[in-house]
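Here is a short tour of one protein model, written for reading with the structure open beside you. We will go from a single side chain out to the wider fold and back.

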Amino acid sequence: EFAWHVPVVLVVMQGGASNSLTPTALATRTHEYAVQALNQQDLDRNFGLATWQILKWMQAARMELPWMQPGYRGLSLLEPQITRRMLVGSQMVRVVKPGALSEAVNKVVRTCCEVGEVGRTSVEFRYKILFGEHIIATATTTMIVASGTPGNFRPSPVPEAVRALAANDEGVDRTFLSDSLAKVPKEAPDSAYSHAVLVRFSDEDMNKHANHSALARFFEDAKEEISSDEAADSTLRELAELHLTAIQIAYIAEIRALDELSVKVAPAEQGSCLYLWAYRKNTNRFGGKPGLVARGCIVCEERPSGPSSKL
């Protein structure tokens, strides 16, 4: 079982706008975000919970921290007051057992977030995802604090108020993510499977680039296509038919609506893993160049027993 006490936080209001944060707000380092019991409309074609949806709830949990707020209003109020954003650098969702995400129906999902390690320009957020009172996944996101305008963001120092909230320990999931991504080759092999993607306007968020969760959907769609493609390499297809137990993504460049991507997939040399690379095929109208925009790994595992639905 898992629970956090979430304090009530008030934002000081003057002239109809928020222009400062209370001491309680500045000291808040944990938050819980809950959604209603899931039903069929919330699940994917395999009757399971997609990881891109979990990434959205992870975002919701951290954005409701009082020093974040919609549009990063709270983050921009922290001294020194400048316009700030946070951009996802890398993240991972790790499921506690194969097939756990296919047990989501009728479950209330709780996403518990806390501040982890803090670097000069980066902030880690740690998560526990629960179905009711039972942990079904853990997760980590490393975000880069940035200032500037969409398309021209630059790393910016973490405000001291956020630095004071850092965890005292090293994150297990963050270490696992870092070690795993280090094993993914920098470029896809020539023999890699190719899955075509067109980025939609609905994939974009307020930063006018595709939301971080879109890459998880692209990666999961590539896995699903391989599992259904009788012409795919047999080893690759066998891996794709297994349950997803972790998804790991490193973000390299912004992608935007109408970008054409090629998601390349290859089996890891060791272990039940699919390595994935997303490449932009053409220069876009914002100056985005052809080349690698993200890479990552899907860890797969066979479910020991029970229903045969896969994710």
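## Asn211 and its surroundings

Let's begin with a pair of side chains: Asn211 and Ser213 are joined by a polar contact of 2.7 Å. Please keep in mind that this is a predicted model. Asn211 sits in the loop between β9 (193-198) and α6.

Is Asn211 buried or exposed? Its relative accessibility is 3%, so Asn211 counts as buried, the cut-off for that label being under 20%. Setting aside residues up to four places away in sequence, Asn211 touches Lys56, Gln59, Asp203, Glu204 and Asp205.

## Helix α6

Following the chain onward from that loop brings us to α6. This helix has 17 residues and reaches 26 Å from its first C-alpha to its last, close to the 24 Å expected at 1.5 Å a residue. Most of α6 is covered, with 14 of its 17 residues buried.

## The nonpolar cores

In soluble globular proteins, nonpolar side chains tend to be buried together. Here, the largest nonpolar core has 74 residues, and the members that touch the most others are Trp67, Met86 and Phe125. Which element gives the most to this core? Helix α6 (residues 212-228) does, contributing 7 residues.

Another core, of 13 residues, lies apart from it; among its members are Ala188, Ala268, Tyr279 and Leu292.

## The largest pocket

If you are looking for open space, the largest pocket has a volume of about 710 Å³. It is lined by 37 residues, and those closest to its centre are Leu87, His209, Ala253, Glu254 and Ile255.

Several elements give two or more residues to this lining: α2 (51-63), β4 (85-95), β7 (134-147), β8 (154-155) and α6. The largest share, 4 residues, comes from β4. Helix α6 thus appears again, having already turned up as the top contributor to the largest core.

## Asn284, another buried asparagine

Our last stop is the loop between β12 (273-280) and β13 (291-301), where Asn284 is found. Asn284 counts as buried because its relative accessibility is 13%, and the cut-off is under 20%.

What does the side chain of Asn284 reach? One partner is the backbone nitrogen of Phe286, at 3.0 Å. A polar atom of the same side chain also lies 2.7 Å from the backbone nitrogen of Gly288. Beyond its neighbours within four places in sequence, Asn284 is in contact with Arg256 and Asp259.

Conventions:
Residues numbered from 1 in each chain as written. Predicted model: local features only at pLDDT ≥ 70, side-chain atom pairs only at ≥ 80, totals over all residues. Heavy atoms only, no water. Buried < 20%, exposed > 50% of the residue type's maximum accessible area, 1.4 Å probe, protein only. Polar contact = N/O pair within 3.5 Å; in protein donor to acceptor, adjacent residues only side chain to side chain. Contact = heavy atoms within 4.5 Å. Core = buried A, V, L, I, M, F, W, Y, C linked by side-chain atoms within 4.5 Å. Expected span 1.5 Å × (residues − 1). 1 Å grid on protein atoms, 1.4 Å probe; cavity = no way out; pocket = protein on both sides within 12 Å on 5 of 7 lines; lining within 4 Å. Points joined across faces, edges and corners; volume = space filled by probe spheres on them.
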